Amino acid sequence: YNSGIIGGGVYAISMDSNISNTVFSNNSAEDGAGVMNYNSNNIFTNVVFSGNSATNEGGGISVEEFSEVVMINTTFYNNTADEGGGIYYGNPDFVVLFNSVLYGNTAATANGAIGGGTIGTGSNNNASDIDEGGLNTNTFTRITTDPFINSIDPDGADSIWGTSDDGLVPDGNSELINGGDSSRNSQANDLAGENRVQDTAIDI
């Protein structure tokens, strides 16, 4: 619930790090409402971007200035921007996604899911309700129905992220179940502390 001109949740400038088991929720900014990744090489694992809003670019995250970003089991839900509701980045920046889902993100002008560039060709095992940003050139699942158990209440009845009642957990009948590549995520537990692999493969 933070706000700023650039990077409402986090302004990562000239830093290389691993960010895991973190939620960026209901932040606002002109650019990069959840995160502004500027001239930085970061890896995001088991991360949620939910309900962030940018007046310009990158509701969830904006990646700019020679950055490289890897996203593993990352969820983008209900983020908004003028362009790139979920993710915004421009060349020559580089973004790769594994086991990640984009759902319910919107943009006033263009590209509700991914705007500005095309995701790295090495990306795989991702899902989205919008076919854009190069998703269709990689291993990609098109979502046609809500894939979560309770997206209306993302942080659950207790209003605390990372607990058993979180709403952005894959529904048992959704395409996200067993849809990921287990080799991409070495963490044993998810954001809520549950086993990361529940069945034959990791969920998206």
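The exercises below concern a predicted model of a protein, and each is followed by a worked solution. Residues are numbered from 1 along each chain as its sequence is written, and side-chain values use heavy atoms, with hydrogens and water left out. Because the model is predicted, local features need pLDDT of at least 70 and side-chain atom pairs count only at pLDDT 80 or more, whereas totals for chains, interfaces and linings use all residues.

**Exercise 1. Overall form**

State how many helices and strands the protein has, and determine how its radius of gyration compares with the globule rule.

Solution. Step 1: helices (H or I, at least four residues) and strands (E, at least two) are DSSP runs, numbered from the N terminus. The protein has 0 helices and 17 strands. Step 2: the radius of gyration, taken over C-alpha atoms, is 15 Å. The globule rule (2.2 Å times the number of residues to the power 0.38) gives 17 Å for 204 residues, so the protein is as compact as a globular protein of that length. Step 3: along the principal axes, the C-alpha trace spans about 40 × 35 × 30 Å. Step 4: buried means under 20% relative accessible area, exposed over 50%, and partly exposed in between (1.4 Å probe, protein chains only). Of the 204 residues, 50% count as buried.

**Exercise 2. Aromatic pairs**

Classify the pair F24 and F49 as stacked, edge-to-face or tilted, and locate both residues.

Solution. Step 1: rings of Phe, Tyr and Trp (its six-membered ring) pair if their centres lie within 6.5 Å; planes under 30 degrees apart count as stacked, over 60 as edge-to-face and the rest as tilted. By this rule the count comes to 7 aromatic pairs. Step 2: the centres of F24 and F49 are 5.1 Å apart and the planes make 20°, a stacked pair. Step 3: F24 belongs to strand β3 (residues 16-25) and F49 to strand β6 (residues 41-50), 25 residues apart, and the pair links distant parts of the chain. Step 4: F24 counts as buried because its relative accessibility is 6%, and F49 counts as buried because its value is 0%. Step 5: ring pairs also join F24, F44, F49 and F76 into a cluster.

**Exercise 3. A salt bridge and a ring**

Identify the partners of R184 in a salt bridge and over a ring face.

Solution. Step 1: a salt bridge is a side-chain nitrogen of Lys or Arg within 4 Å of a carboxyl oxygen of Asp or Glu. This rule gives 1 salt bridge. Step 2: the side chains of R184 and D181 form it, at 3.7 Å from N to O. Step 3: a charge sits over a ring if NZ of Lys or CZ of Arg is within 6 Å of the ring centre and within 35 degrees of the ring normal. R184 lies over the face of F98, at 4.0 Å from the ring centre. Step 4: R184 counts as partly exposed because its relative accessibility is 34%, and D181 because its value is 22%.

**Exercise 4. A loop residue**

Decide whether G117 is buried or exposed, and place it in the chain.

Solution. Step 1: G117 lies in the loop between β15 (114-115) and β16 (126-128). Step 2: G117 has a relative accessible area of 15% and is therefore buried. Step 3: G117 and V95 are 22 residues apart in sequence, and 8.9 Å separates them in space, C-alpha to C-alpha.
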